[in-house]
Amino acid sequence: LEMLYARSINAAFLLGTENALKNHEELFCHKILDDHFVAVVPSKHPFASKRSLSLKELHEQPIIMPAKESSVHKNFIGVAPSMIWETSQSDFVMKLAAQNLGIGFSSNSIAQALKTEATAILPLEEYIPRTIYYVTLNELLEYPPIRSFTEYVQQYDFKTQFETEKE
């Protein structure tokens, strides 16, 4: 948001929550996609056959944690006494889990798109949202290119497009 307020950029796609954005009245916000985090487990791991997974069950497991800089890191604090890696790169999380190196976390949409036979995707019992927003400054909507792009973003069906790309 700092870059947007400094006018270094005209618009941005952000991960966040409505609560985090509602105090910014000068912003135009449009929700792009509601998503949530899941556990990425090696397919040969005993947890792979479970229907869901609680963060509490991961206490003694090797964990691939979201990066400290990520907006969701705080949701996983206390989970990983045996953290082996810290990254928010979903493709890297998937590869590490596929190599049976640990259990990681990814947004459901990305995990489903990158899933292989070597990984299992398990819903987390604790719901951790990953919502994507398009944001720009309200005053920038007066400029035709920003207004046109904003209208395009509002009309575009991101969810259907993402699901089509997975197939």
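## Salt bridges, a sheet and two buried polar sites

Glu139 has a relative accessible area of 44%, so this residue is partly exposed. The model is a predicted one. Glu139 makes a salt bridge with Arg7, and their closest N and O atoms are 2.4 Å apart. Glu139 sits in the loop between E8 and H5, while Arg7 sits in the loop between helix H1 (2-5) and E1, so the pair ties together parts that are 132 residues apart in sequence. Arg7 has a relative accessibility of 41% and therefore also counts as partly exposed.

The structure holds 3 salt bridges. Side chains of opposite charge can pair when their charged atoms come close. Another of these bridges joins Lys31 and Asp34, with 3.6 Å between the closest N and O atoms. Lys31 is partly exposed at 33% relative accessibility, and Asp34 is partly exposed with a relative accessible area of 45%. Lys50 and Glu57 also form a salt bridge, in which the closest N and O atoms are 2.8 Å apart. Here the relative accessibility of Lys50 is 30%, so Lys50 counts as partly exposed; Glu57, with a relative accessible area of 29%, is partly exposed as well.

The next topic is the sheet. Three strands make up an open sheet with the order E1-E8-E2 and antiparallel pairing. Strand E1 (11-16) and strand E2 (27-33) are the edge strands, each pairing on one side only. On average, and with direction ignored, neighbouring strands of this sheet are turned by 30° against each other. Strands of a sheet pair through backbone hydrogen bonds, either parallel or antiparallel. Between E1 and strand E8 (residues 131-137) the antiparallel pairing runs over 6 bridges. Within this region, Leu15 stands opposite Ile132 in E8. Helix H5 (residues 144-155) packs on the sheet and touches E1, E2 and E8; the direction of H5 makes about 160° with that of E8.

Asp35 lies in the loop between E2 and strand E3 (37-42). What is the nearest side chain of opposite charge to buried Asp35? That side chain is Arg130, at 4.1 Å, and Asp35 has no salt bridge. The cut-off for a salt bridge is 4 Å between a side-chain nitrogen of Lys or Arg and a carboxyl oxygen of Asp or Glu, which is why a distance of 4.1 Å does not count. Asp35 does have polar contacts between side chains: one of 3.5 Å with Ser107 and one of 2.3 Å with Ser109. Setting aside neighbours within four places in sequence, the residues in contact with Asp35 include Asn108, Tyr127, Pro129 and Thr131.

Ser109, the partner in the 2.3 Å contact, belongs to helix H4 (residues 108-114). Its relative accessible area is 10%, so Ser109 is buried. Ser109 and Glu139, the residue at the start of this text, are 30 residues apart in sequence and 33 Å apart in space, taken C-alpha to C-alpha.

A further buried polar residue is Gln61. Gln61 is found in the loop between E3 and strand E4 (63-65). Is Gln61 buried or exposed? The relative accessibility of Gln61 is 17%, and because the limit for buried is under 20%, Gln61 counts as buried. The side chains of Gln61 and His45 are joined by a polar contact of 2.8 Å. Not counting residues up to four places away in sequence, Gln61 touches His45, Phe47, Ser82 and Ile103.

Methods
Residues numbered from 1 in each chain as written. Predicted model: local features only at pLDDT ≥ 70, side-chain atom pairs only at ≥ 80, totals over all residues. Heavy atoms only, no water. Helix = DSSP H or I, 4+ residues; strand = E, 2+ residues; numbered from the N terminus. Buried < 20%, exposed > 50% of the residue type's maximum accessible area, 1.4 Å probe, protein only. Polar contact = N/O pair within 3.5 Å; in protein donor to acceptor, adjacent residues only side chain to side chain. Pairing = 2+ DSSP bridges. Axes fitted to C-alpha atoms, helices over the stretch in contact; angles between N-to-C directions. Contact = heavy atoms within 4.5 Å. Lys, Arg positive; Asp, Glu negative; His and termini not counted.
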